[in-house]
Amino acid sequence: DHIIMSIVPSYQCNFSCDYCFEKVIRETQPQRLKAVMTCEMVDAIFAQMDAFHKEGKKTDHFLFFGGEPFLPGNKEVVAHTCVKCEERNIPMSVITNGYFLNEYIDLIEKYSFAAVKITIDGPKEVHDARRRPATTLESFERIVENAFMVLKTGKTVTFRTNVNQDNHWVIDRMKEEYDSLGLTKYSNFSY
């Protein structure tokens with residue numbers, strides 16, 4: 001009777017990746033992309049979790065997902081959720097594109113984030129071709145800088161790679177890439 005909760009503050013994202021499931025939402029249900037979770041919705045989620053706890057169930061973990069959960073416009077809801085998790089001693093993690101981690105570093109440092117999982121789809125030239133922010137052509141360097149910022153807090157950073165026929169060959173190259181960037185010098189870094 002263990003629960004792992006996932007919360008999607010919104011389906012909005014600052015990236016426009018060709019392979020993303022949100023492409024279908026953008027094309028068929030664009031109104032869903034405008035919806036943003038409220039603090040009242042978070043309170044309702046935690047009220048239900050508390051009811052589950054009274055039934056003997058335990059919440060083991062809380063995951064932020066999206067869209068991009070760490071968009072600047074989601075910070076109030078994310079902070080509210082962090083407080084609720086902290087009150088209940090529930091560790092959290094996030095799956096993020098990492099672009100706005102610098103704007104969330106205060107929450108990551110303050111609260112019980114067990115892991116920050118960042119999607120990197122290959123070396124810079126591959127990643128930037130596959131995972132482009134809507135407003136610029138590059139994201140790799142900013143994401144790596146933000147990853148270092150989180151690593152320096154002592155929190156765990158895990159790089160994830162979405163693999164398909166277009167980039168499957170990068171898997172063999174990524175350890176070398178992470179070594180050359182200096183990421184593997186941190187014991188709290190994994191991939």
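A residue is termed buried when its relative accessible area is under 20%, exposed when it is over 50%, and partly exposed in between. By this scale Thr 136, with a relative accessible area of 31%, is partly exposed. The structure described here is a predicted model. Thr 136 is placed in the loop between helix 6 (124–130) and helix 7. Its C-alpha atom is separated by 9.4 Å from that of Phe 15, although the two positions lie 121 residues apart along the chain when counted as sequence distance.

The sheet is considered next. Strands of a sheet pair through backbone hydrogen bonds, in either a parallel or an antiparallel sense. In this model six strands make up an open sheet, arranged in the order 1-2-3-4-5-6, and the pairing is parallel. Strand 1 (2–7) and strand 6 (189–190) are at the edges and have a single partner strand each, so one side of each has no neighbour in the sheet.

At one of these edges, strand 1 is joined to strand 2 by six bridges in the parallel sense. Within this pair, Met 5 is found opposite Phe 62 of strand 2. In a regular strand the side chains alternate between the two faces of the sheet. Strand 1 shows such an alternation: the side chains of Ile 3, Met 5 and Ile 7 point to one face and are buried, whereas those of His 2, Ile 4 and Ser 6 point to the other face and are not buried.

Strand 2 (residues 58–64) contains Lys 58. The relative accessible area of Lys 58 is 45%, so this residue is classed as partly exposed. Lys 58 and Ile 3 are 55 residues apart in sequence, while their C-alpha atoms are 5.9 Å apart in space. With residues up to four places away in sequence left out of the count, Lys 58 touches Asp 1, His 2, Ile 3 and His 53.

On its other side, strand 2 pairs with strand 3 in the parallel sense over three bridges. Leu 63 is located opposite Ser 93 of strand 3, and Phe 64 has Val 94 of strand 3 as its bridge partner. Val 94 also has a bridge partner in strand 4, namely Val 116. Strand 3 and strand 4 run parallel and are joined by five bridges.

Both of these strands are largely enclosed by the rest of the structure. For strand 3 this follows because five of its five residues are buried; for strand 4 it follows because five of its seven residues are buried. In strand 3, Met 92, Val 94 and Thr 96 point one way and Ser 93 and Ile 95 the other way, and all are buried.

Several helices and loops accompany the sheet. Helix 7 (residues 140–151) lies across strand 4 (113–119), strand 5 (157–160) and strand 6, and runs at about 150° to strand 5. Cys 85 belongs to helix 4. The relative accessibility of Cys 85 is 0%, so the residue counts as buried. Apart from residues up to four places away in sequence, Cys 85 touches Phe 46, Phe 62, Ile 90 and Met 92. The C-alpha atoms of Cys 85 and Tyr 111 are 8.7 Å apart, with a sequence separation of 26 residues.

Helix 4 (75–87) is connected to strand 3 by a loop that contains Asn 89. Most residues other than glycine have a negative phi. Asn 89 has a phi near 55°, which is a positive value in a residue other than glycine. With a relative accessibility of 71%, Asn 89 counts as exposed.

The final feature is the largest pocket. Rolling a probe the size of a water molecule over the atoms shows where empty space is left. The largest pocket has a volume of about 340 Å³. It is lined by 20 residues, of which Cys 20, Phe 21, Gly 67, Arg 131 and Asn 162 are the closest to its centre. Helix 1 (22–28) and strand 3 (92–96) each contribute at least two residues to the lining. Sorted by class, the lining consists of eight nonpolar, seven polar and five charged residues.

Note on methods: Residues numbered from 1 in each chain as written. Predicted model: local features only at pLDDT ≥ 70, side-chain atom pairs only at ≥ 80, totals over all residues. Heavy atoms only, no water. 1 Å grid on protein atoms, 1.4 Å probe; cavity = no way out; pocket = protein on both sides within 12 Å on 5 of 7 lines; lining within 4 Å. Points joined across faces, edges and corners; volume = space filled by probe spheres on them. Helix = DSSP H or I, 4+ residues; strand = E, 2+ residues; numbered from the N terminus. Nonpolar A, V, L, I, M, F, W, Y, C, P; charged D, E, K, R; others polar. Pairing = 2+ DSSP bridges. Contact = heavy atoms within 4.5 Å. Axes fitted to C-alpha atoms, helices over the stretch in contact; angles between N-to-C directions. Buried < 20%, exposed > 50% of the residue type's maximum accessible area, 1.4 Å probe, protein only.
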